[in-house]
Amino acid sequence: MKKSLFASAFVVLTGLLSVSSVLADEPLVTFRGGIGVIPVSSGVGTAATATVVNRNIVRGVQPAGQIWTIADLDATIKTNGDISVTGNGLVLAGGDSIGRTTGQSVFATLFCGTTGHSTNTTGIPLELNGDFKIDDVLTPIPPADCASPVLLIRTAGSGNWFAAGIPVFK
């Protein structure tokens, strides 16, 4: 009888552990497609040169100093903080180095509301064609309910943002 009770309890506990590990691997938020940065969001004045400009600051993060473009971005963040980001064609879209990556390394930051959760800020080097792959764990781990999600791809140097993901809403 005791052996049967012990075996039943073991099966129940194993099942609960399996369910909790599956839930930890559930997607928290996904992003499909990307938006390259345009450093200035607006200008004031009627002359050809604006007298005042508003920088394209997102969740307190400064934009890169030049326009960047991204051909494609796919990202999945799980409830346990695991993050996988694949980016293609993250290159400069203006200036003398147009179409190049200029040796940049990037990391990702997920914002849930105003709180940021980042991958290793040392970053991943961009390939010459602007492709990159980030597989990491966010620090700190995001909350189970990520309000108003924003994913920024940032430079490891200054922390400025180069690109943003487009969230998939269910």
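Colleague: Which exposure class does Arg 59 fall into, and why?

Modeller: Arg 59 counts as partly exposed, because its relative accessibility is 31%. Buried means under 20% relative accessible area, exposed over 50%, and partly exposed in between, computed with a 1.4 Å probe on protein chains only. This is a predicted model, in which local features need pLDDT of at least 70 and side-chain atom pairs count only at pLDDT 80 or more, while totals for chains, interfaces and linings use all residues. Residues are numbered from 1 along each chain as its sequence is written, and side-chain values use heavy atoms, leaving out hydrogens and water.

Colleague: Where does Arg 59 lie, and what is the sign of its phi?

Modeller: Most residues other than glycine have a negative phi, and most peptide bonds are trans. Arg 59, although not a glycine, has a positive phi of about 50 degrees. Arg 59 is placed in the loop between strand E3 (52–55) and strand E4 (68–69); a strand, labelled E, is a DSSP run of at least two residues, numbered from the N terminus.

Ser 148 also has a positive phi, near 50 degrees, in a residue other than glycine. Ser 148 belongs to the loop between E11 and E12 and counts as partly exposed because its relative accessibility is 47%.

Colleague: Which peptide bond is cis?

Modeller: The bond from Thr 139 to Pro 140 is cis, with omega near -10 degrees. Pro 140 sits in the loop between strand E11 (132–137) and E12.

Colleague: How many disulfides are counted, and which cysteines are joined?

Modeller: The count is one disulfide, that is, a pair of cysteine sulfur atoms within 2.5 Å. Cys 112 is joined to Cys 146, with an S to S distance of 2.1 Å. The pair links distant parts of the chain, 34 residues apart: Cys 112 is in strand E8, and Cys 146 is in the loop between E11 and E12. The torsion about the S-S bond is about -100 degrees, so the disulfide is left-handed. Cys 112 is buried because its relative accessibility is 8%, and Cys 146 is buried because its relative accessible area is 11%.

Colleague: How many residues has the largest nonpolar core?

Modeller: In soluble globular proteins, nonpolar side chains tend to be buried together. Here the largest nonpolar core (buried Ala, Val, Leu, Ile, Met, Phe, Trp, Tyr and Cys residues joined through side-chain atoms within 4.5 Å) has 34 residues. Those with the most contacts inside this core are Leu 73, Val 85, Leu 90, Leu 110, Phe 132 and Ile 153. The strands that each supply at least two of its residues include E1, E5 and strand E6 (82–88). Strand E8 gives the most, with five residues.

Apart from residues up to four places away in sequence, Val 85 touches several residues (heavy atoms within 4.5 Å), among them Leu 73, Phe 132 and Ile 153.

Colleague: In which sense, parallel or antiparallel, do E1 and E5 pair?

Modeller: Two strands pair if DSSP finds at least two bridges between them. Strand E1 (residues 27–36) and strand E5 (residues 72–78) pair in the antiparallel sense over five bridges, and Val 29 stands opposite Ile 77 in E5. E1 and E13 also run antiparallel, joined by four bridges, with Gly 34 opposite Gly 165 in E13.
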